Amino acid sequence: MTTFALRRGSARQLAGTGTLLRFALRRDRLMIPVWIAVNAAMVLSMPGTLEGLYGTPAERADLIRQMETNSSLRAMVGPVFGDSLGALTAWRVGIYAGALAAVMSLLIVVRHTRDEEESGRQELVASGMVGRRACLTAALLAAAVANGVLALLVTAGLAGQGTTGALALGLGIAAVGMVFATTAAIVAQLTESARLTRGLTAAVLGAAFVLRAAGDSATDAGSSVLTWLSPLGWLENLRPYASERWWVLALLAGAVALQSAVAYALAGRRDLGMSFLPTRPGPASGRLGSAGALAWRLQRGGVLGWSIGFFLAGVVYGGMTDGAADLVGDNANARRIVERMGGQSGLTDAFLASMVSMLGLIAALYIVASVLRLHGEETSGRAEPVLANAVGRVRWAAGHLVIAFGGAALIMLLAGLGFAVGHGKETGPILAACLAQLPAVWVIGGVAVLLHGVLPRAALAAWGVAGAVLLIGWVGPALDAPRAVLEVSPFGHLPKLPGGSMEWGPVAVLTGVAVVLVAGGLAGLRRRDMSA
């Protein structure tokens with residue numbers, strides 16, 4: 001009788017999960033496919049690229065030999081465990097594919113848990129026939145579906161290199177995604193703010209990457225204690241296509257199960273909308289006398305985190321510049337790809353230009369996230385009390401846009417300073433190269449402003465635009481894509497600096513396009529209904 005009662009209680013706790021799962025997948029019908037497509041395309045494009053770069057056993061042996069002595073590049077991509085195309089694919093993109101799966105997963109879980117509570121929608125849902133843990137279960141299942149599809153695509157796409165290794169890599173990437181999905185589920189119980197939940201979970205992911213990088217730079221076999229402290233290090237030590245260690249999957253599955261249990265236990269011990277680490281009640285310190293001051297208060301944590309990350313990335317990439325030049329210096333195909341990404345002025349300048357371009361692509365993610373804070377404020381109802389006072393819509397939006405567009409300039413400036421510190425060379429050219437990325441970054445931000453102002457229901461499609469640009473910038477040069485394809489992205493029109501000549505025409509045109517997009521978005525915001 002007691003067992004039957006417990007089962008009935010558990011069933012009531014999960015009532016409505018199926019309906020909520022279908023609703024979550026419907027809401028994310030654009031975001032999830034874009035994340036999966038970008039990640040899968042990055043992985044599946046790599047065997048062909050590597051075959052062109054390291055087509056002979058001698059070239060692969062030379063690569064492995066150089067990686068054993070190049071600690072800076074091991075910190076970037078990890079050690080090499082085999083010389084097959086499959087093993088090289090797992091080495092080159094496995095860690096980054098796992099990190100992208102982690103970001104996708106944490107965004108899904110936070111959107112369907114803490115975001116729903118913060119907006120008040122979950123309270124309405126909970127008033128129906130919905131169990132206490134149904135929302136959390138649906139969010140984790142949505143993340144599981146997304147990671148499962150990604151695993152299937154990776155396994156099927158790499159099966160030609162070896163089915164066993166393809167299965168190991170696909171399952172490993174999906175498992176890392178679920179580890180961070182359950183991490184986000186725990187953090188969502190601890191904090192009241194969806195923004196803080198995303199930030200803290202992303203910080204955990206960043207710490208995992210740093211631990212793995214530190215461990216891999218110390219040893220060339222992935223055996224460092226620091227590497228084993230990171231889920232990304234577990235993915236690396238799964239060793240797809242290199243005598244797979246299947247027991248590492250059990251380690252990942254155990255982490256998912258343990259964190260899920262903690263999240264469920266915490267979810268059952270708090271009130272809806274509350275948290276175990278509540279935010280400090282007012283009054284707020286400092287001045288909040290304008291819409292711009294409020295926007296800064298809301299976004300300053302994000303700006304600080306991105307600024308620190310970009311500066312450190314610049315230091316790391318600047319420090320590995322000479323080692324990267326040595327690695328590809330004797331490989332004509334590798335030299336061609338790096339020069340295609342960064343121009344043809346010399347391998348060191350080309351490598352620096354390609355790394356600057358990569359950070360510019362990532363800065364596009366920052367500006368989309370910052371601009372869409374407007375969308376979050378509006379849909380959650382927090383914008384209405386502000387606009388009910390003597391604050392116009394354009395003035396309210398301008399406060400956030402100054403943070404978004406000015407913040408993009410700040411993080412690229414700090415990236416340039418980081419490159420100068422890490423590389424130890426002249427500061428001016430690398431700073432100019434980083435700032436030259438801004439017009440393209442601003443165009444992506446302008447697209448987000450336009451979508452929010454004119455088509456608010458489609459505002460989240462700005463993530464799809466940023467993802468497509470990221471895919472073109474990362475994968476296009478490696479696949480030797482036609483110039484017309486590369487120029488679909490605004491980054492394809494920028495001058496290749498440092499080393500190349502500054503071209504003011506494309507910079508001016510892109511800046512003008514960004515201004516027009518922002519103006520169009522603000523005009524649409526003035527004329528439409530709020531929360532339309």
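**Figure 1. Helix H24 in this predicted model: length and burial.** Helix H24 covers residues 438-454. Its 17 residues, at 1.5 Å a residue, should span 24 Å. The expected span is 1.5 Å times one less than the number of residues. The end C-alpha atoms are 24 Å apart, which agrees with that expectation. What surrounds H24? Of its 17 residues, 13 are buried, so the helix is largely enclosed by the rest of the structure.

**Figure 2. Trp228 and Trp247 form a stacked aromatic pair.** The whole structure holds four aromatic pairs by this search. In one of them, the ring centres of Trp228 and Trp247 lie 5.7 Å apart. Their planes meet at 10°, so the pair is stacked. Planes under 30 degrees apart count as stacked. The pair links distant parts of the chain, with the two positions 19 residues apart in numbering. Trp228 belongs to helix H13 (residues 225-228), and Trp247 to helix H15. Trp228 is partly exposed, at 25% relative accessibility.

**Figure 3. Trp306 and Phe310 form a tilted pair within helix H16.** The ring centres of Trp306 and Phe310 are 6.0 Å apart. The planes stand at 50°, so this pair is tilted. Why are the two residues about one helical turn apart? They are four residues apart in helix H16, which means a separation of about one turn. In general, an α-helix has 3.6 residues a turn, so residues three or four places apart point the same way. Are these two side chains buried or exposed? Trp306 counts as partly exposed at 27% relative accessibility. Phe310 is buried, with a relative accessible area of 4%. Tyr366 joins Trp306 and Phe310 in one aromatic cluster.

**Figure 4. Leu304 on helix H16, with Leu410.** Leu304 is found in helix H16, residues 291-319. At 53% relative accessibility, Leu304 counts as exposed. The cut-off for exposed is over 50%. Leu304 and Leu410 are 106 residues apart along the chain. Their C-alpha atoms are separated by 10.0 Å.

**Figure 5. The loop between H14 and H15 holds Arg239 and Tyr241.** The loop runs between helix H14 (231-237) and helix H15 (247-267). Most residues other than glycine have a negative phi. Arg239 is not a glycine, yet its phi is positive, at about 55°. Tyr241 also has a positive phi, near 65°. Arg239 is buried at 17% relative accessibility. Tyr241 is buried too, with a relative accessible area of 13%. Which ring does Arg239 lie over? Arg239 lies over the face of Phe81, at 4.0 Å from the ring centre.

**Figure 6. Arg212 over the ring of Phe209.** The charged end of Arg212 sits over the Phe209 ring. The distance to the ring centre is 4.7 Å.

**Figure 7. Glu377 and its contacts in helix H20.** Helix H20 spans residues 373-379 and contains Glu377. Is Glu377 buried or exposed? At 5% relative accessibility, Glu377 counts as buried. Buried means under 20%. Which residues does Glu377 touch, not counting those up to four places away in sequence? They are Leu298, Arg382, Ala383, Trp396 and His400.

Definitions and conventions
Residues are numbered from 1 along each chain as its sequence is written. This is a predicted model: local features need pLDDT of at least 70, side-chain atom pairs count only at pLDDT 80 or more; totals for chains, interfaces and linings use all residues. Side-chain values use heavy atoms; hydrogens and water are left out. Buried means under 20% relative accessible area, exposed over 50%, partly exposed in between (1.4 Å probe, protein chains only). Contact means heavy atoms within 4.5 Å. Rings of Phe, Tyr and Trp (its six-membered ring) pair if their centres lie within 6.5 Å; planes under 30 degrees apart count as stacked, over 60 as edge-to-face and the rest as tilted. A charge sits over a ring if NZ of Lys or CZ of Arg is within 6 Å of the ring centre and within 35 degrees of the ring normal.
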